[in-house]
Amino acid sequence: NLITNSVKTIGVIVPDIGNPFFSTFIKSIEFLAMEQNCISLILSSNDNQELERKHLEQLINRSIDGIIIASPSIGQTEIDNQLKKNRIPYLLIDQNPIADGDRVMTDDFNGAELAVNHLAQLGHRKIAMIMAKKPSDNLKRRFLGYKQALNSNGLEFDEKLVISTEMSKIGGMNAANKLIKTDATAVLTVNDEVAIGLYHGLNLLGKSVPDDYSVVGYDNIDLDEYLAPPLTSISQPIHELGATVFKKLIERIKNPDLPQTEIMLPVKLVKRNSTKKLS
Ligand code: RIB
């Protein structure tokens, strides 16, 4: 394919196809690929490291033209032994901590800062964060942004206000039990799926959003507008992310000698009704 200069098939590995963030990301890649007569093979690893490695092997066996890796656990060893050895062009999106390869990221640090600034401006002093139990690199940056923004708003960091959970709706639901045992009045969740679960958990406990807790999610998935109340969230430019990743991978396939690129896309706060002034 490289000889004819046409790209026929690309592979995309995501950690969880059930998460609307990743399904939207995949949709934008599929759309662009189709326009160029290329198809994308999508593989979801369900956060399973072993499966992720198998997926990579399978893609390589099918002489794929290039691979987009949005999964956290494909490390330097796989990159060296499988991708580089077989001369497969690849690109990493934000989850991956490896510096070696083209990467496209979104500004996770600033995203969490925007969320905390918003809550602090509403008068909240006890702002919790619901974090992932096993955070990938970009989620760790979100956490650092949360801490930094507490500091710049003159608020003390309190470990008791950090709740670790699974990155899922159930994880968010379980976190509600822990949240009500703290003195928090506001909370930033590591992503929107966790916020959706949290809504449900709080509801079961007789608590309401935003009267008892102001909630800010992360990702700005399309479901956010349909929740009750509609969820305030940090918007990642998911379509732009998909488009940039696709474009950069094609450039890399067509020109393997290009210098390594690293692109950082900005995020923004989208205010809806899940946050309110502390009364
Ligand atoms: O919801 C999925 C999350 O995983 C997103 O925030 C994305 O950045 C990835 O880390």
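**Exercise 1. Domains and their contact**

Task: Into which domains is the protein chain of this predicted model divided, and which elements give two or more residues to the side of domain 1 that touches domain 2?

Solution, step by step:

1. Start with the bounds. Domain 1 is made of two segments, 9-106 and 237-265, while domain 2 covers 108-235.
2. Next, place the two domains relative to each other: their C-alpha centres lie 29 Å apart.
3. Now list who takes part in the contact. Domain 1 puts in eleven residues and domain 2 puts in ten residues.
4. On the side of domain 1 that touches domain 2, α1 (20-35) and β5 (102-106) are the elements giving two or more residues. The top contributor there is α1, with three residues.
5. Finish with the chemistry of that side of domain 1: five residues are nonpolar, five are polar and one is charged.

**Exercise 2. The surroundings of the ligand**

Task: Which residues come nearest to the ligand, and why does the ligand lie between domain 1 and domain 2?

Solution, step by step:

1. Eleven residues stand around the ligand, and the nearest of them are Asn-19, Phe-21, Asn-138, Asn-191 and Asp-219.
2. Sort the shell by class, and you find three nonpolar, five polar and three charged residues.
3. Look at the elements behind the shell: α5 (137-152) supplies at least two residues, and so does β9.
4. Now bring the domains back in. Residues of the shell come from both domain 1 (9-106 + 237-265) and domain 2 (108-235), so the ligand lies between them.

**Exercise 3. Strand β9 and its partners**

Task: Is strand β9 mostly covered or uncovered, and which strands are joined to β9 by bridges?

Solution, step by step:

1. Begin with burial. Strand β9 spans residues 214-219, and six of its six residues are buried, which makes the strand mostly covered. Here, a residue is buried if 20 or more other C-beta atoms lie within 10 Å of its own.
2. Take one partner, strand β8 (residues 186-189). β8 and β9 run parallel and are joined by three bridges. For a concrete pair, go to Ala-186, whose bridge partner in β9 is Ser-214.
3. Follow the connection between these two strands. Together with helix α7 (residues 192-204), β8 and β9 make a β-α-β unit, and this unit is right-handed.
4. Turn to the other partner, strand β10 (residues 232-235). It also runs parallel to β9, with four bridges joining the two. In this pairing, Gly-217 has Ser-233 of β10 as its bridge partner.
5. Put the pieces together: β9 is joined to β8 and to β10, and β9 also supplies at least two residues of the shell around the ligand.

Notes:
Residues numbered from 1 in each chain as written. Predicted model: local features only at pLDDT ≥ 70, side-chain atom pairs only at ≥ 80, totals over all residues. Buried ≥ 20, exposed ≤ 12 C-beta atoms within 10 Å, placed from the backbone. Pairing = 2+ DSSP bridges. Right-handed = clockwise from strand over helix to strand, strands pointing away. Domains from an automatic or database assignment. Contact = placed C-beta atoms within 7 Å. Nonpolar A, V, L, I, M, F, W, Y, C, P; charged D, E, K, R; others polar. Near = placed C-beta within 6 Å.
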